[in-house]
Number of protein chains: 2
Amino acid sequence: MSKAQQLPSLRAVIMAGGKGRRFWPKSREKKPKQLLPIGAHEPLVRETVNRLRPFLAPEHIFISCGRDLARETAALLPETPADNFILEPVGRDTSACVGLALEHLQHRAGVPADTVIAVLPADHSISRPARFRQTLLLAAKVAHRRGLIMTIGIVPDRPSPAYGYIQPGAPVTGERGARQVRRFVEKPDLATARRYLRQGFLWNAGMFVFRLDVMRAAYARHLPVMAAGLARIGASLDRPGRARVLEREFPKLDKVSIDYGIMEKVDNAAVVPGDFGWTDVGGWDALYCLGGGDGEANVTVGAVEVVDSRGCYAEGERLVALVGVSDLVVIETADAVLVMRRDREADLKQLTDRLLKKGRGDLL
Amino acid sequence: MSKAQQLPSLRAVIMAGGKGRRFWPKSREKKPKQLLPIGAHEPLVRETVNRLRPFLAPEHIFISCGRDLARETAALLPETPADNFILEPVGRDTSACVGLALEHLQHRAGVPADTVIAVLPADHSISRPARFRQTLLLAAKVAHRRGLIMTIGIVPDRPSPAYGYIQPGAPVTGERGARQVRRFVEKPDLATARRYLRQGFLWNAGMFVFRLDVMRAAYARHLPVMAAGLARIGASLDRPGRARVLEREFPKLDKVSIDYGIMEKVDNAAVVPGDFGWTDVGGWDALYCLGGGDGEANVTVGAVEVVDSRGCYAEGERLVALVGVSDLVVIETADAVLVMRRDREADLKQLTDRLLKKGRGDLL
């Protein structure tokens, strides 16, 4: 008997609403990161679903995404029932996103109040999916038995200033591997990140596992105004005017992350450590590292010719030729070519902002 | 009365047979540098003809080029009579090129033996064409009066190791500005180039001005085997079998430059200094300098967006975006993108050689 079968009920909500431009010019408004095979064989949202399929039926996997990307996202997930797409009229950050999913599940037949829900980002990469599933099931079990809001904290392999951290506290009694959360902390500077690493902090990867009833109670207590708005949307879900209510109520919800709005405030957060080859693939440099780049070797995808160059990440559709260069990201697409120093991806936003300002939204 | 009118007869032969790949991916087999507007408003061969038109009629300007590029070259020079294209079946370096032109002129009605011929490369850039014409006419006058084989030696503005040098000797008696050539020297190293600069050496720009009879005598003396082959071609020119004779004889001619085969050997070479904003536009870096690049500024052509970058030369057809990079050449064409360190253009050949070896001749 598998551990999954010991659970009364499990649902996954995949947050696929990302709009980032960190993979420009590959990623576009209509083709954000989660819809691309960034550092993977299949589009990331597809891989995220694939990881869950060994223990979750398609009807038990929900996809939250922007209404404008519904068609593109659904095309990648043909087995997902149309009803399982939770479409946001606008992006209102993760508290509203998760809250809307809770309403959908709450008003759905056959979803008991103690159903365990796993909220998972759509655009991360995991190299050891079996380990991931094991960890997720452990979190689900603890969430169900103890009524805790569980997170999966990634075991860091370096002192990265790019992630928020979780400080584990006392062990959860009787639940081997789970510890209470002492606190969530913001992205640190490098020195602080080093200290966190020594002190056993974990990375916050935005993965949360909880019972439906427990999280609804947390919303009611810590985000009461939002909970009221969500309740109005929830009440409309099986009525004809539901589209109008969503259109009216959802944009009014506070724009606040679930980390800040819920996780940092609750006193029943717990964490299980995750060590399954996770990366959020934050940008081109992460893709370089993921591809085995080590500062000397080049990582190339597609049609790329390299002469005496090192430390480059390059993707060519027609042909990209590198001669005597180092530490660059070079991405060729049908209508744009990016040439960027590999450590300067923070400045990519300047570029995309300027393109927008110059009326070149067609390139974004 | 202009100086030109003092000359009995002047013809120009423009050597447009270049096949270089130093402007890859912009230059291609079928579109070599001289057919492109490299650092200029019009294709270089067109600009070369334009420079001569103030004192030469189209019938007096001859174009030497490979048979495979005849159509493309002629399309740029609609006023040039078809008879004025001297087509080489294969490239056999500049001695054979000039020699073939001599035969054409020799066998043409209305070209006296003392006609002065100016041999000029098709792919150089000259920013002060009036000064150039003045210098060319001076060389022609001396060549005609004194029976000297004249070169135009460029007054260097820096100790470049990229050019051969000419050491001027004693003044030519009675010809103000002209000096005998003491010797031609190969491309020097930088230290030697510095010494050459101090000692008043000039750059060899491959521009030669001479009387038809004088140069024919030089061929007979210094390249007698070639002269005999050329004579067989010449004798066939007004006969039906001329194409067959050219096809048979021309490929057998020695592959030797006119500098080595003739100029270094004759004792009647002289030089006039040229100071008319000349550059051979030797590669992308030269184009960067020509565009006002100074190591800090970027030079961009077409659709290029730059964020915090310096010292780059970039050409974009669709869009090239530079972020945080320096000292690069980035060239985007319809089917290839080159990203090269600006000081590494010597390695471009490695790349094009490899493309050829890999069966990607379509990109060359």
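The exercises below deal with the interface of chain B and chain A in a predicted model.

**Exercise 1.** State how many residues of each chain are in contact and what area is buried.

Solution. Begin with the residue counts: 33 residues of chain B are in contact with 33 residues of chain A. Next, take the area. The size of an interface is often given as the accessible area lost when the parts come together. Chain B and chain A bury about 2,800 Å² between them, and carbon and sulfur atoms account for 60% of this area.

**Exercise 2.** Find the salt bridges and polar contacts across the interface, and check the pair A:D308 and B:R344.

Solution. The rule finds six salt bridges across the interface of chain B and chain A. For the pair A:D308 and B:R344, the N to O distance is 2.1 Å. The cut-off is 4 Å, and the pair is a salt bridge. Polar contacts at pLDDT 80 or more for both residues come to 20 residue pairs.

**Exercise 3.** Determine which elements of chain B supply the side that touches chain A, and classify its residues.

Solution. At least two residues each come from β12 (299-307), β13 (313-323), β14 (328-332), β15 (337-341) and α12 (348-357) of chain B. Of the elements, β13(B) gives the most, with six residues. By class, this side of chain B has 21 nonpolar, two polar and ten charged residues.

**Exercise 4.** Describe how strand β13 of chain A is joined to β15(B).

Solution. Count the bridges: four join β13 (residues 313-323) of chain A to β15(B). Then give the direction: the two strands run parallel. Finally, place a residue pair: A:V323 stands opposite B:M340 in β15(B).

Key
Residues numbered from 1 in each chain as written. Chains lettered and ligands numbered in written order. Predicted model: local features only at pLDDT ≥ 70, side-chain atom pairs only at ≥ 80, totals over all residues. Heavy atoms only, no water. Contact = heavy atoms within 4.5 Å. Buried area = accessible area lost by both parts, 1.4 Å probe. Salt bridge = Lys/Arg side-chain N within 4 Å of Asp/Glu carboxyl O. Polar contact = N/O pair within 3.5 Å; in protein donor to acceptor, adjacent residues only side chain to side chain. Nonpolar A, V, L, I, M, F, W, Y, C, P; charged D, E, K, R; others polar. Pairing = 2+ DSSP bridges.
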